Amino acid sequence: MRKSLLLTVFAIIAGAIASYAQMSSSEIEKMAHMQSVEMKIDGWKVKVGGMPLKQQLIKLYTMQEEQLNGQSKYIIADGQVKGATFEAARVHAMEMAKRNLVSLIDNISLSESEGNTINAEGANIESENLSDTKYKNTSTLDLGNLTQIMTCYKELEGGKVEVSVYIACTRANAVKAKLKRAKAETQAKPQTDVPKVETVHTL
């Protein structure tokens, strides 16, 4: 069995991305072509009417390479799940990708400019609230519209299907979501009771 058959989609793509420090558009297209061929050999394909695998990979690599103010413009996460049907596996893969995205966002380091924005917009927010990792579900971060970058699948023995998806949100939206959650957590903290002081009247 070819070694590549043992690779997940994530391993294949992560290896391709790591091959270049910064890929040009021509390098991205070349790499996407190579990976799409390898993935097709491994049995990965797209639904009828979907964007061709090569074009989805080009979109993924391009978004991975985009920079804004010295930071990655997008935060990208994947989910890969096996299921009885394509739709069942796709839904669970999306949920996994969302959880992975939240986990990545919870652990991003804020740049100096982002930190200044946080300080300006939420002066009373404690810094640990912005990096609190105990909330690991999608309900804790309002990320707005997510970009679905890639969806592919392959058929398995016994009629099952394996689906892989990639989604992304902008770093700017991620920082805003962290700020919004931190504000909500701060406001939800119980207020310390202030002892009542009786007024003493002097004669």
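The exercises below work through a predicted model of one protein chain, from its confidence to its helices and cores.

Residues are numbered from 1 along each chain as its sequence is written. In this predicted model, local features need pLDDT of at least 70 and side-chain atom pairs count only at pLDDT 80 or more, while totals for chains, interfaces and linings use all residues; side-chain values use heavy atoms, with hydrogens and water left out.

**Exercise 1. Find where the confidence is lowest and where it is highest in the protein chain.**

Step 1. pLDDT is the predictor's confidence in each residue, from 0 to 100. Its mean over the protein chain is 78, and 67% of the residues reach 70 or more.

Step 2. Helix α6 (residues 127-130) has the lowest confidence, a mean of 46, and strand β4 (residues 147-155) the highest, 97. Helices (H or I, at least four residues) and strands (E, at least two) are DSSP runs, numbered from the N terminus.

Step 3. The pLDDT is also below 50 over residues 1-7, a stretch with nine contacts beyond near neighbours in sequence. Residues 199-203 are below 50 as well, with zero such contacts. Contact means heavy atoms within 4.5 Å. Where pLDDT is low, the predicted coordinates should not be read in detail.

**Exercise 2. State the order of helices and strands in the protein chain.**

Step 1. Count the elements: there are seven helices and five strands.

Step 2. Read from the N terminus, they run α-α-α-β-β-β-α-α-α-β-β-α.

**Exercise 3. Check the length of helix α2 and find which side of α2 is buried.**

Step 1. The expected span of a helix is 1.5 Å times one less than its number of residues. Helix α2 (residues 25-41) has 17 residues and should therefore span 24 Å; its end C-alpha atoms are 24 Å apart, which agrees.

Step 2. I28, M31, A32, Q35, S36 and M39 of α2 are buried. Buried means under 20% relative accessible area, exposed over 50%, and partly exposed in between (1.4 Å probe, protein chains only).

Step 3. These buried residues cover an arc of only 135 degrees around the axis, so they lie on the same side of α2. The arc is that of the directions from the helix axis to the C-beta atoms.

Step 4. On the face turned away from the buried side, α2 carries the exposed residues K30, K40 and I41. Just after α2, G43 takes a positive phi of about 105 degrees.

**Exercise 4. Describe the backbone and the exposure of N69.**

Step 1. N69 lies in the loop between β1 (67-68) and β2 (71-72).

Step 2. Although N69 is not a glycine, its phi is positive, about 55 degrees.

Step 3. N69 counts as exposed because its relative accessibility is 73%.

**Exercise 5. Which elements supply the largest nonpolar core?**

Step 1. A nonpolar core is a set of buried Ala, Val, Leu, Ile, Met, Phe, Trp, Tyr and Cys residues joined through side-chain atoms within 4.5 Å. The largest has 22 residues, and L101, I105, L143 and V163 have the most contacts inside it.

Step 2. At least two residues each come from β3 (74-83), α4 (86-106), β5 (161-170) and α7 (171-188). The largest share, eight residues, is that of α4.

Step 3. Leaving out residues up to four places away in sequence, L143 touches L101, I105, C169, N173, A174 and A177.

Step 4. Apart from this core lies another, of 19 residues, including L53, I76, I149 and A168.
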